[in-house]
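Grab your viewer and work through a few exercises on helix packing and burial. Try each task on your own before you read its solution.

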Amino acid sequence: MHYKLFSIGPITIYSYGFMIALGFLAAILLAMYRSKKYEVDGNTVIDLALCCIVGGLLGAKLLYLITDLPNLVHSKNLLSDITNGFVVYGGILGGVLACYIYTRRKKINFLKCLDLIAPSVAIGQCLGRIGCLMAGCCYGRETTCSIGIVFQNSPMAPNGIRLLPTQIFSSVGDLLLAVVLILYARRKPTDGRVINLYLILYGVGRFIIEIFRNDPRGNVGFLSTSQFISIFIVIFGIIQLLCLNKRDKLNKETHKTEES
């Protein structure tokens with residue numbers, strides 16, 4: 001579980017960056033595989049993915065800087081600290097904004113594109129959390145439980161202390177989320193349902209995981225920053241699904257009226 005993975009000549013490959021890149025690749029491949037069902041061509045998927053990746057990275061970095069600002073202000077190694085951290089929710093928000101801008105410019109269905117990429121996002125997060133485990137970030141609380149892990153040479157996690165493997169919990173949860181979304185999408189729900197189901201399930205899962213984490217990540221009152229955001233993400237997803245239910249019901253009633 002070392003941060004440094006391997007070197008090729010003067011080039012050093014780090015575990016966290018490698019797993020993030022692998023997550024991006026897996027996400028793109030999954031989206032391309034599923035794109036035909038959404039009537040989105042492969043070139044559009046690649047362009048959309050690149051936009052979402054850039055927007056996601058910028059959003060993740062920006063939210064990290066906001067949440068960790070007090071520590072960064074007093075940091076003795078500011079440049080290193082700034083380049084290290086990302087916050088997933090910032091990545092989600094940044095990616096959604098990038099998707100909206102892209103679909104508006106290309107005049108394609110925004111919600112359909114979000115439904116397409118939602119399982120891909122979960123797969124990317126699944127692999128990204130393995131990178132967190134290898135780097136030692138996003139670590140859990142100290143435990144005496146047998147499932148705990150002990151870092152010996154981590155630049156981020158406390159070394160020599162048994163900790164809950166919250167990175168593994170998150171990774172498994174994200175994988176299960178991707179499977180649930182893919183299976184749900186096979187039922188051909190109306191546009192917007194898959195992405196909102198993602199927001200609800202991920203938000204609930206993230207809120208729970210945060211209880212067992214023990215790394216510094218900012219807080220709002222007695223809640224961590226991510227727990228605070230999770231509440232609004234889940235509420236937003238539920239409201240959107242209720243609105244979609246209402247819209248679909250009205251459409252059915254209108255269709256019956258026209259037929260009669």
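Below are six exercises on this predicted model, each with a worked solution.

**Exercise 1. Overall make-up**

Task: Find how many helices and strands the chain has, and what share of its residues is buried.

Solution:
- Start with secondary structure: the chain has nine helices and six strands.
- Next, burial: of the 260 residues in the chain, 44% are buried.
- Then look at sequence range. Take the contacts with a separation of 6 or more; residues 24 or more positions apart account for 63% of them.

**Exercise 2. H2 against H5**

Task: Work out how H2 and H5 are oriented to each other, and which residues make the contact.

Solution:
- Get the geometry: the two helices pack at about 140°, and their axes are 6 Å apart.
- Classify the angle. Roughly antiparallel needs over 145 degrees, so H2 comes out oblique to H5.
- Check the handedness: H2 passes H5 in a right-handed crossing.
- List who takes part. The H2 side includes Leu-48, Cys-51, Gly-55, Gly-56 and Gly-59, while the H5 side includes Gly-90, Gly-91, Gly-94, Gly-95 and Ala-98.
- Sort the contact residues by type: nine are nonpolar, eight polar and one charged.

**Exercise 3. Two residues in that contact**

Task: Describe the surroundings of Gly-55 and Tyr-102, and say whether each is buried or exposed.

Solution:
- Place Gly-55 first: it sits in helix H2, which covers residues 42-67.
- Its relative accessible area is 15%, and the limit for buried is under 20%, so Gly-55 is buried.
- Leaving out residues up to four places away in sequence, Gly-55 touches Gly-94, Gly-95 and Ala-98.
- Now compare sequence with space: Gly-55 and Ala-98 are 43 residues apart along the chain, yet their C-alpha atoms are separated by 5.3 Å.
- Move on to Tyr-102, which is in helix H5.
- Tyr-102 has a relative accessible area of 9%, so it is buried.
- With the same sequence neighbours left out, Tyr-102 touches Thr-44, Asp-47, Leu-48, Cys-51 and Ile-108.
- Leu-48 is 54 residues away from Tyr-102 in sequence, with 6.8 Å between their C-alpha atoms.

**Exercise 4. H5 against H8**

Task: Repeat the analysis for H5 and H8: what is their relative orientation, and which residues touch?

Solution:
- The helices to compare are H5 (residues 88-106) and H8 (residues 193-212); they pack at an angle of about 165°, with axes 13 Å apart.
- That angle is over the 145-degree limit, so H5 and H8 are roughly antiparallel.
- The crossing of H5 past H8 is left-handed.
- H5 supplies Val-88, Tyr-89 and Ile-92 to the contact, and H8 supplies Tyr-198, Tyr-202, Gly-203 and Arg-206.
- By type, the contact has five nonpolar residues, one polar and one charged.
- Bring in Gln-125, which lies in helix H6. Gln-125 touches Val-88 and Ile-92 as well as Tyr-198 and Tyr-202, and Asp-174 is also on its list, not counting residues up to four places away in sequence.
- Gln-125 has 11% relative accessibility, so it counts as buried.

**Exercise 5. The nonpolar cores**

Task: Identify the residues of the largest nonpolar core that touch the most other members, and the helix that gives the most to this core.

Solution:
- The largest core has 34 residues, and those touching the most other members are Leu-48, Tyr-89, Leu-181, Val-194 and Tyr-198.
- The elements giving two or more residues to this core are H1, H2, H5, H6, H7, H8 and H9.
- H6 gives the most, with seven residues.
- Apart from this core lies another, of six residues, including Leu-133, Phe-151, Ala-157 and Leu-163.
- For a close-up, pick Val-194: among the residues it touches are Tyr-38, Ala-118, Pro-119, Leu-181 and Pro-189.

**Exercise 6. Positive phi**

Task: Where do Glu-39 and Lys-188 lie, and are they buried or exposed?

Solution:
- Glu-39 has phi near 55°, a positive value in a residue other than glycine. Lys-188 also has phi near 55°.
- Glu-39 belongs to the loop between H1 and H2, and Lys-188 to the loop between H7 and H8.
- Exposed means over 50% relative accessible area. Glu-39 is at 73%, so it is exposed; Lys-188, at 74%, is exposed too.

Definitions and conventions:
Residues numbered from 1 in each chain as written. Predicted model: local features only at pLDDT ≥ 70, side-chain atom pairs only at ≥ 80, totals over all residues. Heavy atoms only, no water. Helix = DSSP H or I, 4+ residues; strand = E, 2+ residues; numbered from the N terminus. Buried < 20%, exposed > 50% of the residue type's maximum accessible area, 1.4 Å probe, protein only. Contact = heavy atoms within 4.5 Å. Axes fitted to C-alpha atoms, helices over the stretch in contact; angles between N-to-C directions. Parallel < 35°, antiparallel > 145°, perpendicular 65-115°, else oblique. Left-handed = near helix turned anticlockwise from the far one by under 90°. Nonpolar A, V, L, I, M, F, W, Y, C, P; charged D, E, K, R; others polar. Core = buried A, V, L, I, M, F, W, Y, C linked by side-chain atoms within 4.5 Å.
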